[in-house]
Structures are given as structure tokens and as C-alpha cells.
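Trainee: Hi! Could you walk me through this one before I start working with it?
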Amino acid sequence: MKTRIHITLKQGVLDPQGKAIHHALESLGFNGINDVRQGKLIELDLEDGASDADIADMCRKLLANTVIENFEILEDTAA
Amino acid sequence: MKTAVIVFPGSNCDRDMAVALEQATGEPPAMVWHRSTELPDGLDLIAVPGGFSYGDYLRSGAIGAKSPIMREVKKAADRGVALLGICNGFQILTETGLLPGALLRNAGIRFVCRDVGLTVASSRTAFTSAYAAGETITIPVAHHDGNYFADDEALDRLEGEDRIAFRYAENCNGSARDIAGIVNEAGNVLGMMPHPERMIEPAHGGTDGRRLFSGLVAALA
């Protein structure tokens with residue numbers, strides 16, 4: 001079973017990488033962009049039966065730093 | 001006085017730290033590999049050095065913080081053993097939860113590598129006891145993720161409890177309230193981004209870092 005975890009910086013946490021991407025897009029002539037935030041996506045290939053609670057535990061203990069990041073466990077995807 | 005330096009794959013300031021500790025204590029520190037599951041007995045001070053443990057994978061310090069030895073380091077700190085985290089060591093200590101907040105990418109995105117002015121914000125800690133409060137010292141920084149972040153409540157608490165050890169005289173990385181180094185509630189754990197161990201010989205360009213170590217030795221002796 002494959003699970004994807006979407007990790008994003010919390011609101012109010014400065015994202016200089018997102019800002020740099022924003023500027024680069026504008027320099028390419030893409031206008032109308034209000035904001036850019038960069039996150040990360042982690043794919044886990046798990047044995048069947050892993051619970052959302054187990055996955056959330058992995059997120060809190062390692063995959064995300066909940067001082068600065070939010071995590072979201074995305075729907076299981078077909079292998 | 002017994003000291004130890006924790007060494008991770010990717011540490012690169014461990015030997016500088018060992019030189020600084022030997023200069024201050026007269027004895028070389030034990031170098032402890034991160035896979036170890038025990039620390040030497042009777043330690044007075046543990047240093048978590050700078051570098052790029054695990055290549056900064058996932059987040060700076062995140063994987064080093066979960067190394068087997070860090071469980072022992074945390075237990076020792078909880079018992080009151082002095083713990084010093086420099087640069088990547090500071091990142092590891094925040095990831096371990098021994099210090100509040102987190103170190104984000106520098107606000108200017110660039111890696112910053114130069115000497116900076118630091119104001120000693122508190123001389124009350126064992127780590128800053130040889131400095132005068134309000135004194136400005138020169139210490140080098142070398143980091144990409146040194147932008148200290150904590151929510152306003154945590155920042156207010158750090159200020160209210162006099163737990164900010166050092167502030168940048170000129171903010172070089174976007175850190176909240178110019179914070180360069182903080183101590184834990186009990187005062188036995190210091191994390192700071194600048195590198196005092198790189199400023200201990202006239203050949204380094206100055207010796208302002210030396211008093212951190214000599215003051216610590218005097219305070220712990």
C-alpha cells in the first residue's frame with residue numbers, strides 16, 4: 001500500500017524558497033501570482049494494514065517538525 | 001573535567017570542538033560516535049558539533065536528532081549535565097525537543113559564512129559567565145538554516161525568563177528577535193548558530209570564543 005504525505009510550512013512561517021520561486025516565475029513573465037509556498041511530498045510503501053494513526057505517529061516523530069510544519073496524509077494510491 | 005563530543009556522519013566541526021575543549025579543560029574530550037548506545041561515565045559537558053549530519057536530509061538536524069546516542073544525551077541533559085549545541089548541533093537540539101523553536105532557511109536564502117557581531121544578552125548562564133551582559137563579541141557564522149523561529153508566546157517566554165544568551169548585533173539570517181543562541185529552562189543546555197570554537201586562537205582572527213569554554217569550565221568546576 002502506498003501512502004503519500006504532504007508537508008507544508010505553517011501559516012506565518014517565512015518561506016524564502018517559495019519567495020524565490022515566486023520571483024523566478026514573475027521574471028519569466030507569469031503574472032497574477034499572489035504567493036508561492038514550497039512544501040514536500042513523501043511517498044511511503046507500507047505493508048497492508050498500516051493505520052492512519054501509525055502514519056500520523058511517523059509524521060509527528062520524524063517526517064514533519066510540527067513546530068513549523070503541518071502534515072496531511074493523502075489518500076492511498078493504487079500501486 | 002570530563003567532556004564528550006558527539007560525532008555524526010557529516011559532522012565537520014567535531015575536531016575544532018575537541019581542540020577548544022582540550023584547550024579549556026586540559027584533557028581531550030571523548031569522541032562518541034552517534035551509533036553508540038552509551039556515553040562515558042561521569043561527563044560534565046557534552047558538545048553536539050556543527051556540520052551537516054546526514055547531509056541535512058529531511059530537515060537540518062532531523063535525522064541526527066533520532067540517532068541512538070541522542071536518547072542518552074537527552075537523559076544526561078535531563079539529569080543536569082551541561083550540553084552545548086553549535087550550529088548543526090543547535091538544529092539537532094531543537095529537533096530533539098531539548099530547546100524550543102526551529103531553525104529555518106536563512107531569510108536571504110544564501111549560505112552566510114562570515115564573522116558577525118554578537119551581543120551577550122545574558123551573562124547569567126554557565127555558558128556566558130565569562131562575558132559581560134551587553135558586551136559585543138565577534139564570532140563566525142557558517143550556515144544555511146540559521147533563521148531562528150518560534151511562535152510569539154515562546155519568544156516572549158524566552159525573553160521573560162532571560163533565556164536568550166546571544167543576539168546578532170546585525171541580523172544576518174532573519175532570526176526572530178535577532179536570536180543567535182538560547183538556553184533551556186534549567187539553564188544547562190545552550191544552542192547557538194555561531195561557532196565559538198572557530199575563534200579561540202589569534203590565528204583565527206580573534207579569541208572571543210575562548211571565554212565561552214573557559215567560563216563554562218569555571219562554572220562547572
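Mentor: Happy to; we'll go through the chains, the sheet, the core and a couple of loops. This is a predicted model, where local features need pLDDT of at least 70 and side-chain atom pairs count only at pLDDT 80 or more, while totals for chains, interfaces and linings use all residues. Residues are numbered from 1 along each chain as its sequence is written, and chains are lettered from A and ligands numbered from 1 in the order in which they are written.

Trainee: Thanks. What is the secondary structure of chain B?
Mentor: Chain B has five helices and 11 strands. Helices (H or I, at least four residues) and strands (E, at least two) are DSSP runs, numbered from the N terminus.

Trainee: Is chain B compact or spread out for its length?
Mentor: Its radius of gyration is 15 Å, close to the 17 Å that the globule rule gives for 221 residues, so chain B is as compact as a globular protein of that length. The radius is taken over C-alpha atoms, and the rule is 2.2 Å times the number of residues to the power 0.38. Along the principal axes, the C-alpha atoms of chain B fill a box of roughly 40 × 35 × 35 Å. Of its 221 residues, 55% count as buried. Buried is 20 or more other C-beta atoms within 10 Å of a residue's own, exposed is 12 or fewer, and partly exposed is in between, with C-beta atoms placed from the backbone.

Trainee: And chain A, what does the pattern look like along the sequence?
Mentor: Chain A reads β-α-β-α-β. Its radius of gyration is 16 Å, well over the 12 Å that the globule rule gives for 79 residues, so chain A is more spread out than a compact globule. The C-alpha trace spans about 45 × 30 × 15 Å along its principal axes, and 10% of the 79 residues count as buried.

Trainee: How many residues does each chain put into the contact?
Mentor: Chain B gives 13 residues and chain A gives nine. On the chain B side there are six nonpolar, three polar and four charged residues. Two residues are in contact if their C-beta atoms, placed from the backbone, lie within 7 Å. For the classes, Ala, Val, Leu, Ile, Met, Phe, Trp, Tyr, Cys and Pro count as nonpolar, Asp, Glu, Lys and Arg as charged, and the others, Gly among them, as polar.

Trainee: Switching to the sheet. What's the strand order in chain B?
Mentor: Nine strands form an open sheet, β2-β1-β3-β4-β11-β10-β9-β6-β7, with mixed pairing. In chain B, β2 (30–33) and β7 (136–143) stand at the edges with a single partner strand each, so one side of each has no neighbour in the sheet. The twist averages 25 degrees from one strand to the next. Strands pair if DSSP finds at least two bridges between them.

Trainee: Which helix packs on it around β1?
Mentor: That's α1 (residues 14–25) of chain B, which touches β1, β2 and β3, and its direction makes about 180 degrees with that of β1(B). Axes are lines fitted to C-alpha atoms, for helices over the stretch in contact, and angles run from 0 to 180 degrees between N-to-C directions.

Trainee: How do β3 and β4 of chain B run?
Mentor: Parallel, joined by four bridges. B:L45 has B:A82 as its bridge partner in β4(B), and B:L45 also stands opposite B:T3. Both faces of β4(B) are covered, with B:A82, B:L84 and B:I86 buried on one side and B:L83 and B:G85 on the other.

Trainee: Which residues have the most contacts in the core?
Mentor: B:V5, B:I6, B:I46 and B:A165, within a largest nonpolar core of 74 residues. The largest share, five residues, comes from α1(B). Such a core is a set of buried Ala, Val, Leu, Ile, Met, Phe, Trp, Tyr and Cys residues joined through C-beta atoms within 7 Å. Outside its neighbours within four places in sequence, B:V5 has contacts including B:M17, B:L21 and B:A47.

Trainee: Any odd backbone angles? What about B:I109?
Mentor: B:I109 has a phi near 70 degrees, which is positive in a residue other than glycine. B:I109 lies in the loop between β5 (102–104) and β6 (112–120) of chain B.

Trainee: Why does B:I109 count as exposed?
Mentor: Because B:I109 has 12 C-beta neighbours inside 10 Å. B:R177 also has a positive phi, near 50 degrees, and with 16 C-beta neighbours inside 10 Å B:R177 counts as partly exposed.
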